[in-house]
Amino acid sequence: MHRLILKKIYTFSIIGGQRKISHSVGRKLCSFISSSSSCISKVCSGLRHKSRSASQTKSVKNMAMNMENSSKDLVNEVDHVDMLDASFDAYEGVIINIKNDMDENVFTALLQTSISQWRQQGKKGVWLKLSLEHVNLVKPAVKEGFWYHHAEPTYAMLVYWIPETNHTLPPNASHRVGVASFVVNNNGEVLVVQEKSGAFKGTGVWKLPTGTVEEGEDISAAAIREVKEEAGIDTEFMEVLAFRQSHKSFFSKSDLMFVCMLKPTSLDIEKQDSEIEAAQWMPVEEYANQAFVKKHKSFDYIAKICIAKKDNKYVGFSPLLTTTASSAKKSYLYSNYQLEQ
């Protein structure tokens, strides 16, 4: 019995990591060991008397059962370990769920215990999502070895790698995605704008309407939206004509720009006063012959592609509606593959 209790204490000290058995539980253990010794002595003494009565036999059995039940209760109490609420992903990762306000010291103790447990379970990456309400937990998390992964308007995501190896956590998004819209009417004129801010402010350069694709937005939808916002023109998406990749363009992030062709379904321009200085329909050739366009090779290439498309000498990529392999979510595949009717 003594060996059983000591074994359970040792086991808990390993599982609990840096957490210690509370004083109350320790006192219970000492008291239990002391009472167990007394009970065992009585049992052994009773066994020496071969002529013990039936009532004495029953008393000894009851005493043994009570000792066994007390042992189980105490073991259960000792084996209980408080941990942070978390879920597991398909890559042996852990996602910590912080739902309520928490004291920094309490959080640190629970975090240490949890990581110790997850290490024994073979877990690897730990994802800690902290909302604005729980920003007080960022500093103690960093002290425990967490680092920033990314941030959004309502939360910061921190990560930790448990194994003593180089981590294999996926990086944060590496690219910003933008669209440039080539909108040409039946007269062979292209929709162009001059911007009030940014690199083109005050240059007199006429450019295609451009903008950034929003989170969860399709490229085709972004192109339509940007044209409507900047020039008030309604359009129908036709094709992706080309795309350009550049690096270190936005806070060290890379940039993907998709040049899209749209068909106008309205012609009256209503420019966006806050961002657009001027907007108009311009012959495609006049747009392509601007000094700025001619000087910069990427702009010159795009202009030549647009002219080739206007003259039906170029085929772009049309959207094919499909779904993702891992779910039933809508997805577009852009291709110039002609589906059989």
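**Exercise 1. Find which residue stands opposite Leu320 in S13, and describe how the two strands are joined.**

Solution. Leu320 stands opposite Leu333 in S13. The next step is to place this pair in its strands, where strands are DSSP runs of E with at least two residues and helices are runs of H or I with at least four, both numbered from the N terminus. Strand S12 covers residues 318-323 and strand S13 covers residues 330-335, and the two run antiparallel with six bridges joining them; strands count as paired if DSSP finds at least two bridges between them. Finally, S12 and S13 form a hairpin, with six residues between them.

The model is predicted, so that local features need pLDDT of at least 70 and side-chain atom pairs count only at pLDDT 80 or more, while totals for chains, interfaces and linings use all residues. Residues are numbered from 1 along each chain as its sequence is written, and side-chain values use heavy atoms, with hydrogens and water left out.

**Exercise 2. State how many helices and strands the protein has, and what share of its residues is buried.**

Solution. The protein has nine helices and 13 strands. Of its 341 residues, 35% are buried, where buried means under 20% relative accessible area, exposed over 50% and partly exposed in between, with a 1.4 Å probe and protein chains only.

**Exercise 3. Describe the largest pocket by its volume, its central residues and its lining.**

Solution. A pocket is found on a 1 Å grid over the protein atoms alone, as an open set of points where a 1.4 Å probe fits, with protein on both sides within 12 Å along at least five of seven lines, and its lining residues have an atom within 4 Å of a point. Grid points are joined across faces, edges and corners, and the volume is the space filled by probe spheres set on them. For the largest pocket this space is about 680 Å³. The lining has 26 residues, and those closest to the centre of the pocket are Glu195, Phe200, Lys207, Thr210 and Met257. Among the elements that each supply at least two lining residues are S9 (235-250), S10 (253-264) and helix H9 (297-310), but the largest share, four residues, comes from S6. By class, the lining divides into 11 nonpolar, eight polar and seven charged residues; Ala, Val, Leu, Ile, Met, Phe, Trp, Tyr, Cys and Pro count as nonpolar, Asp, Glu, Lys and Arg as charged, and the others, Gly among them, as polar.

**Exercise 4. Repeat the description for the second largest pocket.**

Solution. The second largest pocket holds about 410 Å³ of space. Its lining includes Glu152, His175, Arg176, Phe250 and Lys253, and S6 gives the most to this lining, with three residues. Five of the lining residues are nonpolar, three are polar and four are charged.

**Exercise 5. Locate Asn312 and Tyr314, and decide for each whether it is exposed or partly exposed.**

Solution. Asn312 lies in the loop between H9 and S12, and its phi is near 60°, a positive value in a residue other than glycine. With a relative accessible area of 71%, Asn312 is exposed. Tyr314 is placed in the loop between H9 and S12, and at 25% relative accessibility it counts as partly exposed. Leaving aside neighbours within four places in sequence, Tyr314 is in contact (heavy atoms within 4.5 Å) with Leu241, Ile305, Ala308 and Lys309. Leu241 is 73 residues from Tyr314 along the chain, and their C-alpha atoms are separated by 8.5 Å.
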